[in-house]
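Thanks, everyone. Let me put the model on the screen, and then we can walk through it.

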Protein chains: 2
Amino acid sequence: MKRKNLSKAECPVARSLDVIGDWWSLLIIRDVLDGINRFSALQKNLGIARSMLTTRLQDLVDHGVLETAPASDGTAYQEYVLTKMGHGLFPVIVALRQWGEDNLYQPDEQHSVLVETQTGEPVTRLELRSRENRVLEWRDTTIRKVSSDLKP
Amino acid sequence: MKRKNLSKAECPVARSLDVIGDWWSLLIIRDVLDGINRFSALQKNLGIARSMLTTRLQDLVDHGVLETAPASDGTAYQEYVLTKMGHGLFPVIVALRQWGEDNLYQPDEQHSVLVETQTGEPVTRLELRSRENRVLEWRDTTIRKVSSDLKP
DNA sequence: AAACCTGGTCTTATTATGAGACTTCATTCC
DNA sequence: GGAATGAAGTCTCATAATAAGACCAGGTTT
């Protein structure tokens, strides 16, 4: 009766969710992207139980999403930073953010905005495009399964 | 000691995760996007416990991501289809897929591929771009908080 | 040196999850 | 037409995950 293990799934979405598919992982990653790198700062900001945070951080380090580094302020403490693999989650966070902005706020409600640092302008919408640069909707795409039963 | 409620969070990422942030929801949505619309088909394909699937589907319907519809094959059964809001999750699924493809497979391992239906060609990478059409990385962006303490 | 911060571990109560038996209609098989 | 099977759940129970908070050992500040 353990939680399902998706790490061997044939579907990349399932494998991703195996690593970052739980309640807290993406919130932790969002915070680290946002410059919150210390255990205690994360705990305070998220309101997560310490024991949970410990196991989540450990899992993310084990999976290669985060790594520990000496604290940037010169003290003997450590901090958690994203690996290259972890940086790759940026589009996932942005996609979640844009969906939330679109669907989960009342018209009169305000929320934080992701802006381009250089210009201060809000970023554009994350879009999937065809090679001819058309925007692709869900209906325009299909999954091509790996056929393990190729008959030559 | 209930699970945290993020539905009032100021951060859109947190609100999104409040709706679709658990283990199964995004897998269900992936399957529905993929044309698996019936309760029993979902249960079989995901290997999820029936009771879990019931509550997950109900939650997604309550949140407006899915809705029930009469079965498309003319039988008296029902099926679950994505609402407009649900379709909006397509970029989230694609982002997760691409991250998984990039980071969670051995070089010699194969996986399914998302292709453009018309041409059969794999879709391009999902990218965030500036207004000048440059690709934006994480380092190029900043969160602008809503300042509730504006001093005029 | 005392007080406080950091990064945890441990315990306990509550909640969520997984497996599978059971149920009620609808549909298909013979 | 009746039996068997499928669809879409509900119910129960054992186990795992989560939340709160007490506790603790070193590092840092005053």
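I'll take the two DNA strands in turn, then the rings.

A reminder before we start: this is a predicted model.

Strand C. How many residues surround DNA strand C? The count is 24. The closest are A:T54, A:Q78, A:Y80, B:R56 and B:A76. So look at both chains here, A and B.

Which elements supply that surface? From chain A, we have α3 (39-46), α4 (50-62) and β2 (78-82). From chain B, we have α4 (50-62). Each of these gives at least two residues. The largest share comes from α4(B), with four residues.

By class, the surface near DNA strand C has ten nonpolar, six polar and eight charged residues.

Now the DNA side. Take the atoms of DNA strand C within 4 Å of the protein: 75% belong to sugar or phosphate. The rest belong to bases.

Some individual contacts, phosphate first. A polar backbone atom of A:F39 is 3.4 Å from a phosphate oxygen of DNA strand C. With A:S40, the side chain is involved: an N or O atom there is 3.2 Å from a phosphate oxygen of this strand. Then a base. An N or O atom in the side chain of A:R50 is 2.9 Å from a base nitrogen of DNA strand C.

On to strand D. Here 23 residues surround the DNA. The closest are A:R56, A:A76, B:T54, B:Q78 and B:Y80. Sugar and phosphate make up 75% of the atoms of DNA strand D that come within 4 Å of the protein.

Which elements are at work near DNA strand D? Chain B brings α3 (39-46), α4 and β2 (78-82), and chain A brings α4, each with at least two residues. What gives the most? That is α4(A), with four residues. The classes here are ten nonpolar, six polar and seven charged.

Contacts again. A polar side-chain atom of A:W24 lies 3.1 Å from a phosphate oxygen of DNA strand D. B:S40 also reaches a phosphate oxygen of this strand, with a polar side-chain atom at 3.1 Å. For a base, go to A:Y77: an N or O atom of its side chain is 3.5 Å from a base nitrogen of DNA strand D.

Last, the rings. How many aromatic pairs does the structure hold over all chains? Zero. There are charges over rings, though. A:R15 lies over the face of B:Y105, at 3.9 Å from the ring centre. Across the chains the other way, the charged end of B:R15 sits over the ring of A:Y105, 3.9 Å from its centre.

That's the tour.

Conventions. Residues are numbered from 1 along each chain as its sequence is written. Chains are lettered from A and ligands numbered from 1 in the order in which they are written. This is a predicted model: local features need pLDDT of at least 70, side-chain atom pairs count only at pLDDT 80 or more; totals for chains, interfaces and linings use all residues. Side-chain values use heavy atoms; hydrogens and water are left out. A residue is near a molecule or strand if one of its heavy atoms lies within 4 Å of it. A polar contact is a pair of N or O atoms within 3.5 Å; within protein, one must be able to donate a hydrogen and the other to accept it, and residues adjacent in sequence count only if both atoms are side-chain atoms. Ala, Val, Leu, Ile, Met, Phe, Trp, Tyr, Cys and Pro count as nonpolar, Asp, Glu, Lys and Arg as charged, and the others, Gly among them, as polar. Rings of Phe, Tyr and Trp (its six-membered ring) pair if their centres lie within 6.5 Å; planes under 30 degrees apart count as stacked, over 60 as edge-to-face and the rest as tilted. A charge sits over a ring if NZ of Lys or CZ of Arg is within 6 Å of the ring centre and within 35 degrees of the ring normal.
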